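Please open the model in your viewer and keep the selection tool at hand. The tour below goes from one selection to the next and says what is found at each stop.

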Amino acid sequence: MERHVLVVFPHPDDEAFGVAGTILSHTTNSTPVTYICLTLGEMGRNMGRPLIASRETLPEIRKKELDEACKLLGITDLRHFGMRDKTVEFTDQKVLIDRILQVIKEVNPSLVITFYPGYSVHPDHDATGAAVIQAIQKLPSSERPTVHALAFSKDCEDVIGPPDVINDVANYSSNKLQVMEAHESQTAGMIDALKEAFLKKDEAAVARLTVERFWTYPIHNDRP
Amino acid sequence: MKPIDPLKVQETITSLSGKKLYVHLETTNGAYATHKNASFFSAGAFIRNVQLTFLHGSIKGKGPYRIGLETELGWLYAEGLTDWEIDTLDRVLFAGHDQDGKLAIALQLSEQPFPK
């Protein structure tokens, strides 16, 4: 059992797709979970179906959706970093790394969950993972938390090998669907199809809702 | 937002000419376009809170629409616009949504800066 889990992602809904079941397994065990969400996904393309958002109303809508998702996940410590979607890789990296390090020192997590830098498709994902790794590298080796990183680029397994952490989250599949549904502006276009595929025991849909895969990040002192 | 009414949009554009405005202009295919289709060349841009004053402007097309604004030294151009609104802060928001309702372009004009 973990002492404290720290989750660091750039966009509201990143916590839903690949990790909701894993987060639920921790909060159900009464392990405290802190979630740093760097942006409000201000630049998302999905505006709901039918349209419920504009470019200017999207951040507030997604903030409310994230609050609801955190409630469903049992996360009570949500930290907004107030950055803008798409700009994580361009922001002052030293400042970002230091802000993340301050939270790590404060909550003292035994496990950190983030994106695997270089293999997570969206530039914000890669930049978030890289900043988290660099923050942890500033700690003495003996104080470093374990990092479970999420990767999903097409070539990732060719380079970093298969994931070494396979979490069976079948017990939480309906809760995970609810968390995805909470991000209504982003998931309205796909959630019904996913539910239907899951009920029909479609292999990809079942895998998506019952298995979560991570790579233990090898933290040495090289820059990610 | 609601579907563009070109007559009302033209009135609004005309009323904004000569004013000091802040602009948000953006095109996007989404960050996953190339991930989903390796042969897709993804390109996009956004600029937020650049100041602009235009001499005259108009909306053209049968929908999706085009808007062109001529400034003293150049132009602003946007195409693929489908929806618009004047929001409660008097900001004029245009967007182009594709067949799936996903935003492909945004053009927004405001006399006050947009939040960063």
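Two strands are taken to pair if DSSP finds at least two bridges between them, and this criterion is used at several of the stops in what is a predicted model.

**First stop: a strand pair in chain B.** Select strand S2 (residues 21-27) of chain B together with S3(B), and you will find that seven bridges join these strands, which run antiparallel. To see one position of this pairing in detail, show the side chains of B:Glu26 and B:Phe46, since B:Glu26 stands opposite B:Phe46 in S3(B). Then keep strand S3 (residues 45-52) of chain B alone and look at its surroundings: this strand is hardly covered, and the count of buried residues among its eight residues is zero.

**Second stop: the three-stranded sheet.** Next, select S4, S5 and S6 of chain B, which form an open sheet in the order S4-S5-S6 with antiparallel pairing. Strand S4 (54-60) and strand S6 (75-81) of chain B are its edge strands, each of them pairing on one side only. From one strand to the next, the twist averages 10 degrees. Within this sheet, strand S5 (residues 65-71) of chain B is joined to S6(B) by six bridges, the two running antiparallel, and here B:Arg66 stands opposite B:Glu79 in S6(B). Now add helix H1 (residues 6-16) of chain B, which packs on the sheet and touches S4 and S5 of chain B, while its direction makes about 175 degrees with that of S4(B).

**Third stop: where the chains meet.** Display both chains and select the contacts between them, where 21 residues of chain B are in contact with 12 residues of chain A. On the side of chain B that touches chain A, strand S8 (92-97) and strand S9 (103-110) of chain B each supply at least two residues. Colouring that side of chain B by class will show eight nonpolar, seven polar and six charged residues.

**Last stop: chain A as a whole.** Hide chain B and show chain A as a cartoon, in which there are 10 helices and seven strands. The C-alpha atoms of chain A fill a box of roughly 50 × 40 × 35 Å, taken along the principal axes. A compact globule of 224 residues would have a radius of gyration near 17 Å, and chain A, with 17 Å, agrees with this. Buried residues make up 45% of the 224 residues in chain A. Finally, if you draw the contacts in chain A between residues at least 6 apart in sequence, 81% of them join residues at least 24 apart.

Note on methods
Residues are numbered from 1 along each chain as its sequence is written. Chains are lettered from A and ligands numbered from 1 in the order in which they are written. This is a predicted model: local features need pLDDT of at least 70, side-chain atom pairs count only at pLDDT 80 or more; totals for chains, interfaces and linings use all residues. Two residues are in contact if their C-beta atoms, placed from the backbone, lie within 7 Å. Helices (H or I, at least four residues) and strands (E, at least two) are DSSP runs, numbered from the N terminus. Ala, Val, Leu, Ile, Met, Phe, Trp, Tyr, Cys and Pro count as nonpolar, Asp, Glu, Lys and Arg as charged, and the others, Gly among them, as polar. The radius of gyration is taken over C-alpha atoms; the globule rule is 2.2 Å times the number of residues to the power 0.38. A residue is buried if 20 or more other C-beta atoms lie within 10 Å of its own, exposed if 12 or fewer, and partly exposed in between; C-beta atoms are placed from the backbone. Axes are lines fitted to C-alpha atoms, for helices over the stretch in contact, and angles run from 0 to 180 degrees between N-to-C directions.
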